[in-house]
Every structure is written in structure tokens, then in C-alpha cells.
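Hello,

Please find the structure for your project below. My notes on its contacts come after it.

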2 protein chains.
Amino acid sequence: MQISELARRAGVPVATVKYYLREGLVPPGELTGATRARYGEEHVQRLRLVRALLGPGGLSVARARAVLAAVDSPDTSVHAALGAAHRALPGVGSEGPADLDRARALLRRRGWRVAGDSPALIALAAALEALRAAGAAPTDALLDRYAEAAGRIGEQDVAAVPTGSVAEAVRFVVVNTVLLEPVLLALRRLAQEDASRRRFPDNC
Amino acid sequence: MQISELARRAGVPVATVKYYLREGLVPPGELTGATRARYGEEHVQRLRLVRALLGPGGLSVARARAVLAAVDSPDTSVHAALGAAHRALPGVGSEGPADLDRARALLRRRGWRVAGDSPALIALAAALEALRAAGAAPTDALLDRYAEAAGRIGEQDVAAVPTGSVAEAVRFVVVNTVLLEPVLLALRRLAQEDASRRRFPDNC
DNA sequence: CGACATTGGGTAGTGCCACTCTCTAGTGTT
DNA sequence: AACACTAGAGAGTGGCACTACCCAATGTCG
């Protein structure tokens, strides 16, 4: 298939496909001449994945490239792929102070062990610091309940990883890590809406 | 206090404070002359809140303005404020198709009742559709467990709303809705990291 | 064979966003 | 009187994700 069909199949403008090719988000097609290349079904899939990462996943082109690099690299371990996905996710760059102590204390209470420079740990510390600065520091009890719910989810995310091939597992981990985030946030909002409707039935 | 001290106290460049004033994210100070205005402690707080919403909260200036409008409006009900916050959050604009049927079925299974045009519902449907397009559609079982965990969190978010004044409750709801999202995402990633370390100890 | 559309590849332009700079006229301070 | 600072507003900046255009080469159809 040629680029115009590839673009049509994936629902992306041709110019944008070319852009993704240039940026290395999509592998080049098989050249059949100086001005022809052949693309396959896997390119359609890849293009859809790219669009999902950039749109709903909320990744920038640069971060998507890093995520896809982990998916592509054949010698990644599953744990390393998860780390790569976490590193590629937007997580409040190391700007400003962060409430690392509180974040570490929370982990200790739950018995979680993570890398000392885990990007997720830094993101948590930054988010806690932002809440503090905004004058809305959450209580430990609230954080613990959040952590308990998050623990259940993370546990199941990892349990659901397929055991077939490493490559398949890596793709699963990376895609689900990124694309289930909007699902989780949407579900939280829906739960809030339902609970709010019940607690504040009319005009409170 | 003058603008330079306000900027220093909040850790924001003077030019940026002026920009926020122009954009209506921060209320104007009390004019004491043609080229002087006085700012108070509440301006420092507001500025910190704005920075938290724009940075860790991940809101655009336009969305932050909408969120803050709900906080400022004195006649908002708590439920309406939550709706305003949800509407202001980035939730995958109504572009492309969405898996509304699956989203509605999920809500039905949990017994949640939400507005038919709830932005969170649309966000969920769009996220599910993105997963499907990326060839990584989650199982119903996984979604249900996500929803159960999210339900616990949403329940507690609403339960934690203070009952003092409506204005206080509105601010609490809006700030927590936005700023606890990065906390939840970070906790999920940390739980994944811990679980992954346990399941894939070495190089799997 | 020749007219015509299409392609790969590259460069440059677009629109948006969140600032950031600069300017003007005015004000408080020394 | 000299100077630093201010409010307010317009213009400029840099980054990003495209998007439009151009070229020579190629395939296709009559």
C-alpha cells in the first residue's frame, strides 16, 4: 500500500504521516523505487498507536518517540520498559522544590519499594508540593486511601501483563501505562459526579 | 504590597504576573494612583493557586480561567462547581468517534448515574475508543476493577468536602479535583513499579 | 508514446500558546 | 532634580504540531 492509502486507513492526513516518518514515530516503508515505498498492515497499526499516544495519551512527539523506542527495542526487559514509559510520561519536570519527604513517608507506610530517582516518585513529590503551595495540602488519611486504591490498580496492571513473548509484554505494558491513565481519570470524575449528585442533591 | 513584592513572594516574574492580571486569572489590585496598585496576601495565595493549576494541574490558561471563575462565582452550588471543574479539565475534545456504548454499560454495571452529556463520560468514551484503535482494548473485568477503585476515590473526594461555607466547599472541590489527579497518576505508577519489581525481579 | 496524477523527500510557513520585552506616561523617594 | 519603580498595553519570542508547497522521479492510463 502507498502512503495515501496508509493515511486514509489510519485517518491521518498524508502530510502528517510524512511528518511522523521524519520524526521517527513510524518506521519507513520498504522502498520500491526512488519515489515509491510500500507500507503494510503494521504501519496502519503503528500509526493508530501514535495517534492514541499523542491525542488521548497526551504525549508530546518527543515523549512519544521515547515511549515507542522502548516498544521497539527488542532487548528491553518488562521492568525496564515500564521504567522507560514512566520516564517518558509528562511528570512535572524537576523544577522548583518538591515534598520528597512526604512522598517517601507515604511509600514507607505502604511498604512499596521503588528506585530512589523514580520519575513517579518525583512526580508525586512535586504534586504534593503544588498542593501545599496552593494551600490545599491533603491529609495523610486521604493520601493513604488514594495510595490503597492506586495500589490495587497498579497490582492488577502488572498482573494482567501477558506472559507470551517479551516483546508482546513490553508493548502491553507501555500502551496500557499510557492509555489507561485517561480512563482512570475519567472514571474518578464520573465517580465524583455520582457521589456529588447523591450528597448535594439540589443546590448546595 | 506592590507588584514586585507580590511577584517575589509567589516566585513568579513580574511580567508574568502582569500577564495573569491581563488574562483575568488574578484579580486586579486596589489602585492607589494612576501607576500604583496595592496587592494583599490573598493575591499571593491566588498566584500560587494559578501556578499550581497551570503547572502540575496541567491546565491551559483558558481552562484555568474557567476553573477559577467557578471558584470566584459566589452563587455556585457545590455540585455545579464540580461540573464546572470537570468541564474545564482537558478531556479529549469531541473529536472523532467514541465508544459511548461501552462507557454507558460500565456505568450501568456500577449503578452510577451521571448527566447524559457529562464531560467525564465523553472523556471515558474517547479514551476507550483510543485504546480500541490502538489495538489494546481492555477487558470488561479490568475496566470493572478500575471503576471500583475509582469509585472508592470519588466517594472519598466528595465525603471530604468541608461543610462550612459553600464558597469554601467550592474551592475545595475545584482545587482537589484538579490537583489530586497528578497525585493519583503518580501513585498508580509507583504501585506499578513496586509490583513490577516483585513480578519481574531481574531481566524478564 | 505522452499527458497526468502521485510519490518520497525536504524546506518553509502557519496557528496557537505561554510567556517576555519594550514602551509610555505617570509616581514615589531621596 | 535625579532616579527607580509602576500600570497598562502592544509587540515580539520560542516551542510545538502540524500543513503547504516544491522538486524530480515515477507509475498509470489512453
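What follows covers the two chains, the domains of chain A and one DNA strand.

Some ground rules come before the findings. This is a predicted model, in which local features need pLDDT of at least 70 and side-chain atom pairs count only at pLDDT 80 or more, while totals for chains, interfaces and linings use all residues. Residues are numbered from 1 along each chain as its sequence is written, chains are lettered from A and ligands numbered from 1 in the order in which they are written, and side-chain values use heavy atoms, with hydrogens and water left out.

**Chain A with chain B**

The contact (heavy atoms within 4.5 Å) joins 82 residues of chain A to 82 residues of chain B. Together the chains bury about 7,700 Å². That figure is the accessible area (1.4 Å probe) that two parts lose on being put together, summed over both. Carbon and sulfur atoms give 67% of it. In chain A, the residues that lose the most area to chain B are A:Y146, A:R188 and A:R189, together 9% of what that side buries.

There are 6 salt bridges between chain A and chain B. A salt bridge here is a side-chain nitrogen of Lys or Arg within 4 Å of a carboxyl oxygen of Asp or Glu. A:R189 is in a salt bridge with B:E181, the closest N and O atoms being 2.8 Å apart. The rule also finds 38 residue pairs in polar contact across this interface (both at pLDDT 80 or more). A polar contact is a pair of N or O atoms within 3.5 Å; within protein, one must be able to donate a hydrogen and the other to accept it, and residues adjacent in sequence count only if both atoms are side-chain atoms.

On the chain A side, α9(A) gives the largest share, 26 residues. Helices (H or I, at least four residues) and strands (E, at least two) are DSSP runs, numbered from the N terminus. By class, this side has 50 nonpolar, 16 polar and 16 charged residues. Ala, Val, Leu, Ile, Met, Phe, Trp, Tyr, Cys and Pro count as nonpolar; Asp, Glu, Lys and Arg as charged; the others, Gly among them, as polar.

**The two domains of chain A**

Chain A is assigned domain 1 (1-54) and domain 2 (55-199). The bounds come from an automatic or database domain assignment. The C-alpha centres of the two domains of chain A lie 30 Å apart. Their contact takes 10 residues from domain 1 and 16 residues from domain 2. The area buried between them is about 1,200 Å². On the domain 1 side, A:L49, A:L53 and A:L54 lose the most area, together 50% of what that side buries. The rule finds 2 salt bridges across this interface. A:E23 and A:R65 form a salt bridge, with the closest N and O atoms 3.0 Å apart.

**DNA strand D**

Which residues are closest to DNA strand D? They are A:T35, A:S60, B:I3, B:S4 and B:R36, out of 24 that surround the strand. A residue is near the strand if one of its heavy atoms lies within 4 Å of it. Sugar and phosphate account for 71% of the strand D atoms that come within 4 Å of the protein.

Three atom pairs to look at:

- B:S4: an N or O atom of its side chain is 2.6 Å from a phosphate oxygen of strand D.
- A:V61: a backbone N or O atom lies 3.1 Å from a phosphate oxygen of strand D.
- B:K18: a polar side-chain atom lies 3.2 Å from a base oxygen of strand D.

α2(A) gives the most to the surface near strand D, with 5 residues. That surface has 12 nonpolar, 6 polar and 6 charged residues.

Best wishes
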